[in-house]
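Work through the exercises below with the structure open. Try each task before reading its solution.

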Amino acid sequence: MAFVILALSLWVALGAFAYFGFTASDSTVLNVLLGIGLPVVAIVLWGLFAAPKAPRRLRGWVLIAFKVVFFALASAALVAANSVTLGVLLGILAAVNIVL
């Protein structure tokens with residue numbers, strides 16, 4: 001069950017970063033760069049530091065802090081993109097994930 005919640009949280013977080021990026025400014029070029037770039041950066045960071053088979057996987061409280069910051073940024077991205085309800089729901093989903 002915890003894996004399903006983690007996978008769902010990650011997909012929603014990546015969508016949140018993409019949505020924020022694509023709606024961040026009036027510049028089409030900047031929106032495309034951010035809309036593609038932010039999720040890519042998130043994937044790389046998660047893959048390096050939080051994935052189960054990550055080469056530099058964090059441990060203990062540092063891993064928990066990384067997850068809290070990661071999902072807090074994703075929630076903040078949704079709130080900044082005027083999706084407050086979705087941002088709060090992602091925060092709740094992430095909190096459940098971190099507790100499990």
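**Exercise 1. Count the helices and strands of the protein, and give their order from the N terminus.**

Solution. Keep in mind that this is a predicted model. Start with the count: the protein has 4 helices and 0 strands. Then read from the N terminus: the order is α-α-α-α.

**Exercise 2. Check the radius of gyration of the protein against that of a compact globule.**

Solution. Take the chain length, which is 100 residues. A compact globule with 100 residues would have a radius of gyration near 13 Å. The protein has 14 Å, so the value agrees with a compact globule. Next, look at the extents. The C-alpha trace spans about 40 × 30 × 20 Å along its principal axes. Now turn to contacts. Among those with a separation of 6 or more, 51% join residues 24 or more positions apart. Finish with burial and surface. Buried residues are 33% of the 100 residues. The accessible surface is about 6,200 Å², and carbon and sulfur atoms account for 77% of that surface.

**Exercise 3. Compare the expected span of helix α2 with the distance between its end C-alpha atoms. Then find which residues of α2 are buried, and what covers them.**

Solution. Helix α2 covers residues 28–49, which is 22 residues. At 1.5 Å a residue, the helix should span 32 Å. Its end C-alpha atoms are 32 Å apart, so the two values agree. Now apply the burial cut-off, under 20% relative accessible area. Asn31, Gly35, Pro39, Ala42 and Trp46 of α2 are buried. Their cover includes α1 (2–23) and α3 (60–80).

**Exercise 4. Describe the largest pocket: how much space lies in it, and which residues line it?**

Solution. Begin with volume: the largest pocket holds about 220 Å³ of space. Then list the lining: Phe3, Leu6, Ala7, Leu10, Trp11, Leu14, Ala42, Ile43, Trp46, Pro52 and Phe70. Next, assign helices. α1 and α2 each supply at least two lining residues. The largest share, 6 residues, comes from α1. Link this to Exercise 3: Ala42 and Trp46 are in the lining, and both are buried residues of α2.

**Exercise 5. Place Asn97 in its helix, decide whether Asn97 is buried or exposed, and name what Asn97 touches.**

Solution. Asn97 sits in helix α4, residues 84–99. Its relative accessibility is 6%, so Asn97 counts as buried. Leave out residues up to four places away in sequence: Asn97 then touches Ala2, Ile5, Leu6, Ser9 and Phe71. One of these, Leu6, also lines the largest pocket.

Conventions:
Residues numbered from 1 in each chain as written. Predicted model: local features only at pLDDT ≥ 70, side-chain atom pairs only at ≥ 80, totals over all residues. Heavy atoms only, no water. Rg over C-alpha atoms; globule rule 2.2 N^0.38 Å. Buried < 20%, exposed > 50% of the residue type's maximum accessible area, 1.4 Å probe, protein only. Contact = heavy atoms within 4.5 Å. Areas by Shrake-Rupley, 256 points an atom, 1.4 Å probe, with all protein chains shown as cover. Expected span 1.5 Å × (residues − 1). 1 Å grid on protein atoms, 1.4 Å probe; cavity = no way out; pocket = protein on both sides within 12 Å on 5 of 7 lines; lining within 4 Å. Points joined across faces, edges and corners; volume = space filled by probe spheres on them.
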